Amino acid sequence: MSSTVTIDAGLVSTKAELPKRRVALARATEDPLWVRIALTTIALAFLVLFLIIPLAAVFTEALRKGWDVYLSAIVEPDAISAIKLTLLAAAIAVPLNLVFGVAASWAIAKFEFRGKNILLTLIDLPFSVSPVISGLIYVLLFGAQGWLGGWLQEHDIKILFAVPGIVLATIFVTFPFVARELIPLMQTQGNEEEEAALVLGASGWRTFWHVTLPNIRWGLLYGVILCNARAMGEFGAVSVVSGHIRGQTNTIPLQVEILYNEYNFAAAFAVASLLAMLALVTLGLKSIVEWRIARESADSRGPDQEHKS
């Protein structure tokens, strides 16, 4: 009887000490106040110097001469043509990269096959190759003296200095974004749900639409947002293959360069403000998607696991 009382007393004392131990553990693993203040100050300083001040400078210079000059620079025919071409290139490149990214990430995360590491390397290739070099690759392939140049001229097919070349260059520099967001996500989720659906008689296509896609939807949207932002802001590769033909092959970044080189600073910053607004919208959408991903992750773990973590 006395041993039972002793054990119960020990359990009570242990439970009573748990809050104190948790507080002590939190204090032991918590950074000192001066470290937190220093890191926060450094982070805020970087944000102000490299994000807020440049964005404020773009909009300030764009509106320096008033709204009339700003609006006239945006609705100018060459600017409208650049905006349309940028939207067209993104509208073609992003869906194609979406299809490729889903297919590649599904194959890499769900299956084992020869050449898997080679495929991963090829997906990362645009990250390691300069955009200018990627543009020169298309010149080597489709230029007048290129490998396919003679055949293209014989069949009156124009790739360089035309919309197809701009679209191809945009696709090349943006295709890793969707795949690189989905591959780690699919690898973390594993194959259990897909295998269960197949055992229950679902077809592969139905399994994808009702099991795989719902699980990756926010990661997919996150990759699409980043892909679209890069597609609209790409300069190097597009500059090489476009030919800089005003009103025909200039995208928004190229139009900004031309206006700036002509010392038309008000118009250059006005058009650049469109890209700045795109960056702000992208940042907002990115934050919303990250919040939804974190929320769904917390909901899937449950309140008990969330409390323990």
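Colleague: In which helix is Leu-51 found, and is Leu-51 buried or exposed, or partly exposed?
Modeller: In this predicted model, Leu-51 is found in helix 2. Its relative accessible area is 35%, and buried would require under 20% while exposed would require over 50%. Leu-51 of helix 2 is therefore partly exposed.

Colleague: Which helix gives the most to the nonpolar patch on the surface?
Modeller: The patch includes Leu-39, Phe-46, Leu-51 and Leu-283, among others, and its members together have about 1,100 Å² of accessible area. Eleven of the patch residues come from a single element spanning residues 33-62, and the one that gives the most is helix 2.

Colleague: Why do the buried residues of helix 3 lie on the same side of that helix?
Modeller: The buried residues of helix 3, which spans residues 67-74, are Tyr-70, Ala-73 and Ile-74. They lie on the same side of helix 3 because the arc that they cover around the axis is only 100 degrees.

Colleague: Which helix gives the most to the largest nonpolar core?
Modeller: Of the 19 residues in this core, those touching the most other members are Tyr-138, Phe-142, Leu-160, Ile-166, Phe-172 and Val-241. At least two core residues each are supplied by helix 4 (77-110), helix 6 (131-142), helix 8 (163-174) and helix 12 (236-242). With six residues, the helix that gives the most is helix 8.

Colleague: Which residues does Val-241 touch, leaving aside those up to four places away in sequence?
Modeller: Val-241 is one of the core residues that touch the most other members. With residues up to four places away in sequence not counted, Val-241 touches Gly-135, Tyr-138, Leu-160, Phe-161, Ala-162, Gly-165, Ile-166 and Ala-169.

Key. Residues numbered from 1 in each chain as written. Predicted model: local features only at pLDDT ≥ 70, side-chain atom pairs only at ≥ 80, totals over all residues. Heavy atoms only, no water. Patch = residues over 30% accessible without salt bridge, like charges linked within 9 Å, V, L, I, M, F, W, Y side chains within 5 Å. Areas by Shrake-Rupley, 256 points an atom, 1.4 Å probe, with all protein chains shown as cover. Salt bridge = Lys/Arg side-chain N within 4 Å of Asp/Glu carboxyl O. Helix = DSSP H or I, 4+ residues; strand = E, 2+ residues; numbered from the N terminus. Buried < 20%, exposed > 50% of the residue type's maximum accessible area, 1.4 Å probe, protein only. Arc of directions from axis to C-beta. Core = buried A, V, L, I, M, F, W, Y, C linked by side-chain atoms within 4.5 Å. Contact = heavy atoms within 4.5 Å.
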